[in-house]
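Let's take a walk through this model, starting with its strands and ending with its aromatic rings. Keep the viewer open as you read.

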Amino acid sequence: AHCSLQGALADPRVRGVLLINLFAVTWSGELVAERGRRAAIAAGLPDGRAHRLDREFVAKAMRYLRPDRAWRLWRRSAERREGADVIAAFDRLHVRDTEALLLFGEQEPLYEQFARQGLLDQLDRWPNLRLERIPSRDHMFRAQWLQRHVHERLDEALERVLERLPAGAASL
């Protein structure tokens, strides 16, 4: 998904991009490590909140940290920088009128980042972009019913792209 997105961003001829479980817009070892730490911390949370770091949890944790350190950590966050890259990428796809479908399973780090950063509430800024959650924690979508579901979404997205092409362009 990452390579497909980068190709669509680099080549203005790309009319549609289908991204399944995109992990990052801008790949970096720092982002991978940060998401790994987040997952490890979340897995150890009490009260069954194993997959969520919400504002309430962060606020409680901040009371035990020195504010100056916490602010420096937030400013240096790879995920925070990733948020700016996401907006820039979505804007670029919109300007180029490139149709984009993002399919995410449950507990996908980039989707959770979108939720934390408020991007899910801003999706109407990009009418060319569709985001859908697949109801499964299986990142590979191994069950046949999941595969059918994903294939249906991909077929629908492909039809939308083909409908928007000028007559005869689909045969190129």
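What follows goes through the sheet and then the ring pairs.

Bear in mind that this is a predicted model. Start with the sheet: it is open, built from three strands in the order β1-β2-β3, with parallel pairing. Residues 16-20 make up β1 and residues 129-133 make up β3; each of these has a single partner strand and stands at an edge, so one side of each is left without a neighbour in the sheet. On average, neighbouring strands are turned by 10° against each other, direction ignored.

Now look at how β1 meets β2 (residues 99-104): the two pair in the parallel sense over five bridges. L18 is a handy place to see this, with L101 in β2 as its bridge partner. Helix α7, residues 144-164, packs on the sheet and touches β1, β2 and β3. The direction of α7 makes about 170° with that of β2.

On to the aromatics. Searching the whole structure turns up five aromatic pairs. In one of them, F23 and W27 have ring centres 5.2 Å apart and planes at 50°, so the pair is tilted. F23 counts as partly exposed at 23% relative accessibility, and W27, at 48%, is partly exposed too. F23 also has company from a charge: the charged end of R35 sits over its ring, 4.9 Å from the centre.

Then there's F104 with Y111: centres 5.7 Å apart and planes at 55°, so this pair is tilted. Both residues are buried. Ring pairs link them with F90, F114 and W126 into a cluster. Over the ring of Y111 sits the charged end of R133, 3.8 Å from the ring centre.

Methods: Residues are numbered from 1 along each chain as its sequence is written. This is a predicted model: local features need pLDDT of at least 70, side-chain atom pairs count only at pLDDT 80 or more; totals for chains, interfaces and linings use all residues. Side-chain values use heavy atoms; hydrogens and water are left out. Rings of Phe, Tyr and Trp (its six-membered ring) pair if their centres lie within 6.5 Å; planes under 30 degrees apart count as stacked, over 60 as edge-to-face and the rest as tilted. Buried means under 20% relative accessible area, exposed over 50%, partly exposed in between (1.4 Å probe, protein chains only). A charge sits over a ring if NZ of Lys or CZ of Arg is within 6 Å of the ring centre and within 35 degrees of the ring normal. Two strands pair if DSSP finds at least two bridges between them. Helices (H or I, at least four residues) and strands (E, at least two) are DSSP runs, numbered from the N terminus. Axes are lines fitted to C-alpha atoms, for helices over the stretch in contact, and angles run from 0 to 180 degrees between N-to-C directions. Contact means heavy atoms within 4.5 Å.
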